[in-house]
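User: Please take a close look at the charged side chains in this model, and explain how they pair with one another and where charge is left unpaired on the surface.

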Amino acid sequence: MQLISLEANKPSFNTVHFNPKGLTLIIGKSTSTDKNNTYNGVGKSLLLQLVNFCLGSNKIPAFEQHLSEWEFTLSFKVGDKRFTANRAAKSQNKIYLNDKEFGQTAFNAEMERMLVDIPENSPYLTFRTVLSRFYRTGRGSYVSSLATAKEQPFSSLVNNAFLLELDLDYVYQKRNTRKRYQELEKFEKSFKNDPVIREYYTGDLDVEFEISRLTQDVKKLESDIKNYNVAENYAAIQSEADGMAEKLSQMKNRLYYLKTSINNIKHSMSLYQDMDLEKVYNLYGEVTELFKEGTLQSLENVTTFHKNIHVKRSERLAKELRTLSATHLEEEKIKNELQKAFDEKMKLLAKSRALDFFAAINAQLTELKNRLSKLQDYKNISAHSKKEMAEAQKELSSQEVTTIEYLEAYKEQEHPVYLGFSDLANVFYPEVPAGISIKNNEGNNQERFKISAKIQNDASDGINEVKIFCYDLNNLINSRVHHFQSIFHDSRMFSDIDPRQRAILLQLAHKLTNEYGKQYIATINEDQLTSLKDVLAEEEFEEILGTVTLELKDDSPQSKLLGIQIDMQYEKD
């Protein structure tokens, strides 16, 4: 992708044109004589942000708020074909590529198809993540040559490995295997945090023994419950049985009374003997002669009288006996039936349990089953997890071996992108060791390679910026997995580089991008450029100065990039 120009729909905008190859400089100039004044606010960083905006960046709220009526158009070429990407600040969800409407995701997918040869199933690797290594926006992108602003380590690894033409399968294999291992570890740990399982790690308990004990307890309770006859109306049956018992007691008392009355009648009836006259004669024997004739007649009358009384009494007692006997028989029958019913009730109560008692037993059984199930699950899953973890460890060990062998073969092939960084760095520091280091990462993490771009003493002021420049230029020229034709750096790249190194940087960028038909675009402050006069020959300086396509000044709003005065915070980092 070769940049051509950046335009806007507002006439105040200072259109930016990019040289087709070689160096393109956009200068920020300050007209103030106050040395404390800076070059900020003229639009240098905004320019890079607007290019990034037209190339599918995430929504920038400050643009919508402050530039709601603005539309920006970036013209560029991919191969021999010319494209325009148009995006409005007000409706940022739409991007027009050669007047065809795209959503942000679809636009980036289309750009990815044209510019980046991304293998299938390559997470963390997109057009946007690769673009950010050529067009560095925001302060955070100038901290490390390998990482862009707020980038996660694994994303950095994937993108750098991609540009270095490393086989990404090695990267994803370790991540997937290590991730699986860590998930198994996490699962095991979370399982152990369960209150039931935790007992076996805080006390001297054995899971196997507990499973055996719980299994026996469950079987016993299940057997007990199976033999229980649960009466839902247990209380009603018990109340009914109590009533029957009381009635039986009353009936028994009644029957006893009847039986006693019958026995008394029978006894009374057995006590009476016939008082006939013959017995009287025999009783009195010889004294009979002493009775007067009339007296005997009276005895006969008395005897007859008593017989009549006895007959009537016997008839009365017999009648009463019959009545009592019939009543006794009937009530005995009723009592027997009630007794039988009572006995049935008692048998039911003897083998039944109340619902609340049954529910309590069931609850206990449920609790035991849950505990047993949890322990069995843990035993089975833990065994499976340990097996999986052992297999993952084995796989990681195998990957270690194949990775070491792969890196040896990779380095023997002398990839230009692997060696190119050292060549560029040596232009700046001929006597200082420099190069890209790629090692197998044996650490307990998800990152397959340890990749670093080193220039000895790169913590010194300016050396880190040189390292970023060499790394990006090396990727532009030597990496064969993309179709970018340009690098775009912000003026903050040059703030800590001394004039001599800055001169080498611009000359080297101009020379190599001309040679390879590519672009090195940078915004730069006026003092950062004019300081080169002291280290470059006049002709060399004029050549660099001749690459300037736009000057942005602070003398008036019209001289700034937008052509108007707007203060807005568009960088999140």
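Analyst: What follows deals with the salt bridges and then with a charged patch.

The model is a predicted one, in which local features need pLDDT of at least 70 and side-chain atom pairs count only at pLDDT 80 or more, while totals for chains, interfaces and linings use all residues. Residues are numbered from 1 along each chain as its sequence is written, and side-chain values use heavy atoms, with hydrogens and water left out.

A salt bridge is here a side-chain nitrogen of Lys or Arg within 4 Å of a carboxyl oxygen of Asp or Glu, and by this rule the count comes to 13 salt bridges. One of them joins the side chains of R180 and E395, with an N to O distance of 3.5 Å. Because R180 belongs to helix α6 (residues 168–192) and E395 to helix α12 (residues 355–412), this pair ties together parts that are 215 residues apart in sequence. Helices, taken as DSSP runs of H or I with at least four residues, are numbered from the N terminus. R180 is partly exposed at a relative accessible area of 28%, and E395 is partly exposed at 34%; the term covers values between buried, under 20%, and exposed, over 50%, with a 1.4 Å probe and protein chains only.

Other pairs lie within a single helix. K335 and E332 form a salt bridge whose closest N and O atoms are 3.4 Å apart, and both residues sit in helix α11 (residues 293–351), three residues apart, or about one turn of the helix. K335 is buried, with a relative accessible area of 14%, whereas E332 is partly exposed at 24%. In helix α15 (residues 499–516), K511 and E515 are four residues apart, which again corresponds to about one helical turn; their side chains meet in a salt bridge of 3.6 Å, N to O, and K511 is exposed at 52%. Salt bridges also link K29, E526 and E551 in a network.

As for the charged patch, E538, E539, E540, E542 and E543 gather on the surface as a patch of negative charge. Patches are made of residues with over 30% relative accessible area and no salt bridge, like charges being joined within 9 Å and nonpolar side chains (Val, Leu, Ile, Met, Phe, Trp, Tyr) within 5 Å. The place of a Glu charge is taken as CD. Within the patch, E540 lies in helix α17 (residues 538–545) and is partly exposed, with a relative accessible area of 32%.

Technical notes: Accessible areas come from the Shrake-Rupley method with a 1.4 Å probe; for residues, only the protein chains shown count as cover. Lys and Arg count as positive and Asp and Glu as negative; His and the chain ends are not counted. Helices (H or I, at least four residues) and strands (E, at least two) are DSSP runs, numbered from the N terminus.
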